[in-house]
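Work through the exercises below with the sequence and the model at hand. Each task is followed by a solution in steps.

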Amino acid sequence: MMAGIIFVCSVTFLLQFFVSYCRSLIAASAKQPLSLEVQDVTGITKAASGEDFARVLQLLHLCPESPEDRTRIQAIRAYFRMLNFVRSTIARITPSVRAWTEYERAQCAYFAAVALERRIACSRDMLAQQMDA
Amino acid sequence: MPGLLENFLWIACTLLEVFVVVCALKKGAFRRYLILNLYMAASVLATVGRYRVLTHYGYTSSEYLYFYYYSDALLTIFLYFALTSLYAHVFSDMNANRLVRFGAVGLLAGTALFSYLVVEQSNARMITHFVVELSQNLYFVGLVLTYVLWAAIMKLRESRTQLIQLVLSLGVYFSLLAATYALRNMFPSKSSLFLSFIQPIGFVLPLAWAYAFWKLSSDQLISPARLAVVSR
């Protein structure tokens, strides 16, 4: 009984902490504007939508990985999956939750686009260094 | 002996913990978050000690078992004080350091007493049962305290990104461990399965703290209202 209560409390707190942590990661990239080039490649010209996330992630996999953003991208991908789950369950009957999940999914897509921008810039730097050498 | 995967995870986690301390030193965050960094250093030392005991006495020896659980209990107490040091950061403007320290010691003593009362009935290896029980209870107490701290951050509109990320990652870590131990107590026959989760969970703190120290500057700010699960 006691273990059951602790389990339920822990999972509830875990969800709260995890969502807030992911939002703190996303918040840093939300202010960063996308270059025209990345806007063209990703198709995110005005506002991102949750539907863009999978496509941007595929583009991210085409770029050389940098270890420093790998963990963050994995965390946001897990967050996106969680949002998809909420969208297909609770959000179906609660419009406010639906609006919230759509907004968050769009933020995830924008985060991925900013990560793509960083990886492209990083690849360019590496190429320039190789050319110089 | 632990398998190849366990060994790899063990080494990787230890290297990551070393990296956290190096990052904090390089970025000037070592003294600011002294107890957090000392905890990471103590965790590295405990791993080295565990490795020595393991190679000397063997994986299934009682020496290794004792060393593992006793060092784990000490590290949990260390982490508990690391959490209270984050309280001191959040309440620094209110000069509540003494109150926080007093409350932390009182709560630790209360948790120890509760753990003692739980294991009092078992005659054999009572101290070992006590340290295991104390660790498990401290994870849950730590989780509740982290949640209270998070509520205080939201209420006081604390905006230091680095501090917020340290608190949130600690919350994720405590809740994962508390949930795992609760599952283990609910289904004792599947104990070994749930215990296998502990090692991957050990990556959460060093990964998140390394990112917080390496990538975020101490003056970087964020609006806490953006982070609330229910928007304000």
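Read along the sequence, chain B follows the pattern α-α-α-α-α-α-α-α-α. The model is a predicted one.

**Exercise 1. Describe the make-up and overall dimensions of chain B.**

Step 1. Count the elements: chain B has nine helices and zero strands.

Step 2. Take the extent along the principal axes: the C-alpha trace of chain B spans about 50 × 40 × 30 Å.

Step 3. Compare the radius of gyration with the globule rule. A compact globule of 232 residues would have a value near 17 Å, and the 18 Å of chain B agrees with that.

Step 4. Add burial and contact range. Of the 232 residues in chain B, 34% are buried. Among contacts in chain B between residues at least 6 apart in sequence, 69% join residues at least 24 apart.

**Exercise 2. Give the corresponding description of chain A.**

Step 1. Chain A contains five helices and zero strands, and from the N terminus on its elements run α-α-α-α-α.

Step 2. A box of roughly 65 × 30 × 25 Å, taken along the principal axes, is filled by the C-alpha atoms of chain A.

Step 3. Buried residues account for 31% of the 133 residues of chain A. In chain A, 77% of the contacts between residues at least 6 apart in sequence join residues at least 24 apart.

**Exercise 3. Characterise the packing of H1(A) against H5(A): are the two helices parallel or oblique?**

Step 1. Locate the helices. H1 of chain A covers residues 2–30 and H5 of chain A covers residues 95–132.

Step 2. Describe the pair. Two packed helices are described by the angle between their axes and the distance between the axes. For H1(A) and H5(A), the axes come within 9 Å and cross at roughly 60 degrees.

Step 3. Classify the angle. Roughly parallel would need an angle under 35 degrees, and roughly perpendicular begins at 65. H1(A) and H5(A) are therefore oblique to each other.

Step 4. Assign the hand: the crossing of H1(A) with H5(A) is left-handed.

Step 5. List the residues. From H1(A) come A:Ile26, A:Ser29 and A:Ala30, which meet A:Gln107, A:Cys108, A:Tyr110, A:Phe111 and A:Val114 of H5(A). By class, this contact has six nonpolar, two polar and no charged residues.

**Exercise 4. Repeat the analysis for H3(A) and H5(A): which residues make the contact?**

Step 1. H3 of chain A comprises residues 52–62, and its axis comes within 9 Å of the axis of H5(A), with a crossing angle of roughly 20 degrees.

Step 2. That angle makes H3(A) roughly parallel to H5(A). The crossing of H3(A) with H5(A) is left-handed.

Step 3. H3(A) contributes A:Asp52, A:Phe53, A:Val56, A:Leu57, A:Leu59 and A:Leu60 to the contact. H5(A) contributes A:Arg105, A:Cys108, A:Ala109, A:Ala112, A:Ala113, A:Ala115, A:Leu116 and A:Arg119.

Step 4. The classes in the contact of H3(A) with H5(A) are eleven nonpolar, no polar and three charged.

Step 5. Look for residues of H5(A) in both lists. A:Cys108 meets H1(A) and also takes part in the contact with H3(A).

**Exercise 5. Describe the side of chain B that touches chain A: which element gives the largest share?**

Step 1. Count the residues: 24 of chain B are in contact with 19 of chain A.

Step 2. Assign the chain B residues to elements. Those giving two or more are helix H5 (126–156), helix H6 (161–186) and helix H9 (204–215) of chain B.

Step 3. H6(B) supplies the largest share, 15 residues.

Step 4. Sort by class: this side of chain B has 17 nonpolar, six polar and one charged residues.

**Exercise 6. Place three residues of chain B and state their exposure.**

Step 1. B:Arg157 sits in the loop between H5 and H6 of chain B. Most residues other than glycine have a negative phi. B:Arg157 has a positive phi of about 55 degrees although it is not a glycine. With 9 C-beta neighbours inside 10 Å, B:Arg157 counts as exposed.

Step 2. B:Gly106 belongs to helix H4 (residues 97–119) of chain B. B:Gly106 has 10 C-beta neighbours inside 10 Å and so counts as exposed. Its C-alpha atom is separated by 25 Å from that of B:Met154, 48 residues apart along the chain.

Step 3. B:Lys26 lies in helix H1 (residues 4–26) of chain B. B:Lys26 is exposed, with 11 other C-beta atoms within 10 Å. From B:Lys26 to B:Leu156 the separation is 130 residues in sequence and 30 Å in space, C-alpha to C-alpha.

Definitions and conventions
Residues numbered from 1 in each chain as written. Chains lettered and ligands numbered in written order. Predicted model: local features only at pLDDT ≥ 70, side-chain atom pairs only at ≥ 80, totals over all residues. Axes fitted to C-alpha atoms, helices over the stretch in contact; angles between N-to-C directions. Helix = DSSP H or I, 4+ residues; strand = E, 2+ residues; numbered from the N terminus. Parallel < 35°, antiparallel > 145°, perpendicular 65-115°, else oblique. Left-handed = near helix turned anticlockwise from the far one by under 90°. Contact = placed C-beta atoms within 7 Å. Nonpolar A, V, L, I, M, F, W, Y, C, P; charged D, E, K, R; others polar. Buried ≥ 20, exposed ≤ 12 C-beta atoms within 10 Å, placed from the backbone. Rg over C-alpha atoms; globule rule 2.2 N^0.38 Å.
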